[in-house]
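Hi,

Here is the structure I promised to pass on. Have a look at it first, and then read on for what turned up.

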Amino acid sequence: MDIDDYIVATDASLVNLASRGDQQAFEYLFTRYRDALRHLFEQRLSDKEMASDLLQETFLKVYLHLGNYSQEYTFGQWIYTIARNTLVDHLRKRTDDVSIDNHLHTSLATTPTPEESVIINQSRLHFDDALEELPEEYRKVIEMRFLEEYSYEEIAERLNKPLNTVKTQIRRARAMVCKLITEKE
């Protein structure tokens, strides 16, 4: 496809191409939704660094579960649901006792989210392969954060590392995983 074709393509056709391994299609989806999702996170958190982390986490989930997307909903609705649930998960894991309702002005989803789907697809294999190539310290923090779902604070405590070191390692590890995945495709 020419660049112009990607620019004018519908979300549905970009999803279709991306789920078949077209990395450029996924990049265009990312570009379309990046700013709106970043704004959502920054508005709710007032923390640009954490907003950036949650944006990366959201798109990693989107990438891993793209094969589970159902056109019953628009892609925008689907990705927004993933972003909102990523935000809710983050707020729930916070160690302070501030109510989620103080941070989140939308109602919580009552139906299962797309990322809770049980089907493991090809994208997960790419993720697992990329994970295996990471240095041990990065692999460990990614596993703890995304597979075992520990909070940043819990990871820092368990690894006996400063919180900011853990945050930096997770950010770097996520970037490495994304780079390794795109290189394989």
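What share of the contacts in the protein with a separation of 6 or more comes from residues 24 or more positions apart? The figure is 58%. Keep in mind that this is a predicted model.

On the overall make-up: the protein has 9 helices and 0 strands, so you'll read α-α-α-α-α-α-α-α-α along the sequence. Of its 185 residues, 45% are buried. The exposed area comes to about 10300 Å², with carbon and sulfur atoms supplying 48% of that.

One helix pair to look at is α3 (residues 23-45) with α5 (residues 75-93): their axes come within 11 Å and cross at roughly 35°. The crossing of α3 and α5 is right-handed. On the α3 side, the contact is made by L29, Y33, L37, L40, F41, R44 and L45; α5 brings F75, G76, I79, Y80, A83, L87, H90 and L91.

Then there's Q169, in helix α9 (residues 163-184). Q169 has a relative accessible area of 8%, so it counts as buried, the cut-off being under 20%. Leaving aside residues up to four places away in sequence, Q169 touches E137, Y138, V141 and K161.

Finally, the surface: I3, I7 and V8 form a nonpolar patch there, with about 290 Å² of accessible area together. I7 sits in helix α1 (residues 3-8). With a relative accessible area of 47%, I7 is partly exposed, and it can belong to a patch because the requirement is over 30%.

Cheers

How values were computed:
Residues are numbered from 1 along each chain as its sequence is written. This is a predicted model: local features need pLDDT of at least 70, side-chain atom pairs count only at pLDDT 80 or more; totals for chains, interfaces and linings use all residues. Side-chain values use heavy atoms; hydrogens and water are left out. Patches are made of residues with over 30% relative accessible area and no salt bridge: like charges are joined within 9 Å, nonpolar side chains (Val, Leu, Ile, Met, Phe, Trp, Tyr) within 5 Å. Accessible areas come from the Shrake-Rupley method with a 1.4 Å probe; for residues, only the protein chains shown count as cover. A salt bridge is a side-chain nitrogen of Lys or Arg within 4 Å of a carboxyl oxygen of Asp or Glu. Helices (H or I, at least four residues) and strands (E, at least two) are DSSP runs, numbered from the N terminus. Buried means under 20% relative accessible area, exposed over 50%, partly exposed in between (1.4 Å probe, protein chains only). Axes are lines fitted to C-alpha atoms, for helices over the stretch in contact, and angles run from 0 to 180 degrees between N-to-C directions. A crossing is left-handed if the near helix is turned anticlockwise from the far one by less than a right angle, and right-handed if clockwise. Contact means heavy atoms within 4.5 Å.
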